[in-house]
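Here are a few notes to help you find your way around. Please have the structure open while you read, and take the points in order.

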Amino acid sequence: LLLQSVLRGSLVRRHLCESSSKAIIIQHTWLNYKVRVLSEWSYDVQDNAQNVPHHSMLAMQGKYRERHAFRAASAKKIQVLYFSWKMKISLANVQHSVIQLQRIFRGHLARRPQKDPQRSLAAVKIQSTLRSYHWRKKMVTSSSHAVIIQRCYRKYKVINCTTAMKERTAYINRLHSM
């Protein structure tokens with residue numbers, strides 16, 4: 001149990017380190033893009049400042065804010081999707097690692113020598129008794145189901161036989177009446 005917690009802790013720490021470094025790369029790229037767009041926008045504003053009335057300047061600012069908000073929301077969605085995808089992968093890796101660790105440890109427990117052979121024989125006896133009890137219980141249930149099926153079939157057969165006999169007698173009576 002301690003070995004599992006140490007292994008899981010190291011896997012989670014490694015995953016967080018990788019995820020945070022990738023998130024930092026995404027954030028730096030976004031900031032560089034934002035600075036580049038802002039600098040292009042400021043050059044356009046300085047060139048057109050004399051020719052553009054004040055209300056169209058406000059309209060340009062509003063459009064920029066809308067575009068900026070849309071891009072920020074898009075970047076956040078991308079980050080959320082990326083992190084959820086990475087967490088699913090890391091969760092699958094951790095689960096696989098835990099299963100492998102449990103498999104190895106259980107194999108170790110099964111292969112290690114028994115300290116008390118008398119006790120292991122008692123455990124085998126208990127297990128075989130329990131298995132035979134469950135098997136007998138299952139067989140009783142299945143045999144009762146078989147009896148029910150046979151009973152239904154016999155009733156069906158009797159009903160069909162009686163209807164067939166009625167049809168035969170009706171046919172014979174019709175032949176005699178002719």
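1. The protein chain is built from three helices, with zero strands. Following the chain from the N terminus, you meet its elements in the order α-α-α. Please keep in mind that this is a predicted model.

2. How much of the protein chain counts as buried? Of its 178 residues, the share is 11%.

3. Next, the open space. The largest pocket holds about 270 Å³, and 14 residues line it. If you would like to find its centre, look for Leu11, His15, Ser90, Asn93 and Val94, the lining residues that lie nearest to it. Two elements, α1 and α2, each give two or more residues to this lining. Which of the elements gives the most to the lining of the largest pocket? That is α2, with eight residues.

4. Now for the enclosed space. Rolling a probe the size of a water molecule over the atoms shows where empty space is left. Searching the whole structure turns up one cavity of 30 Å³ or more. The space in the largest cavity comes to about 50 Å³. Its lining consists of Trp30, Tyr33, Lys34, Val37, Tyr64, Arg67, His68 and Arg71. Here the elements that supply two or more lining residues are α1, which spans 2-48, and α2.

5. Helix α2 is also the place to look for aromatic contacts between tyrosine 82 and tryptophan 85. There are two aromatic pairs in the structure. In one of them, tyrosine 82 and tryptophan 85 sit 6.1 Å apart, centre to centre, with 45° between their planes, a tilted arrangement. Why are these two separated by about one helical turn? Because they are three residues apart in helix α2, which covers residues 54-111. Do include Phe83 when you look here, as Tyr82, Phe83 and Trp85 form one aromatic cluster.

6. Finally, have a look at the surface of the model. Tyr171, Ile172 and Leu175 make a nonpolar patch of about 290 Å² there. Leucine 175 belongs to helix α3, residues 117-177. Is leucine 175 buried, partly exposed or exposed? Its relative accessibility is 44%, so leucine 175 counts as partly exposed, given that buried means under 20% and exposed means over 50%.

Technical notes: Residues are numbered from 1 along each chain as its sequence is written. This is a predicted model: local features need pLDDT of at least 70, side-chain atom pairs count only at pLDDT 80 or more; totals for chains, interfaces and linings use all residues. Side-chain values use heavy atoms; hydrogens and water are left out. Patches are made of residues with over 30% relative accessible area and no salt bridge: like charges are joined within 9 Å, nonpolar side chains (Val, Leu, Ile, Met, Phe, Trp, Tyr) within 5 Å. Accessible areas come from the Shrake-Rupley method with a 1.4 Å probe; for residues, only the protein chains shown count as cover. A salt bridge is a side-chain nitrogen of Lys or Arg within 4 Å of a carboxyl oxygen of Asp or Glu. Helices (H or I, at least four residues) and strands (E, at least two) are DSSP runs, numbered from the N terminus. Buried means under 20% relative accessible area, exposed over 50%, partly exposed in between (1.4 Å probe, protein chains only). Rings of Phe, Tyr and Trp (its six-membered ring) pair if their centres lie within 6.5 Å; planes under 30 degrees apart count as stacked, over 60 as edge-to-face and the rest as tilted. On a 1 Å grid over the protein atoms alone, a cavity is a set of points where a 1.4 Å probe fits but cannot get out, and a pocket is an open set with protein on both sides within 12 Å along at least five of seven lines; lining residues have an atom within 4 Å of a point. Grid points are joined across faces, edges and corners, and a volume is the space filled by probe spheres set on the points.
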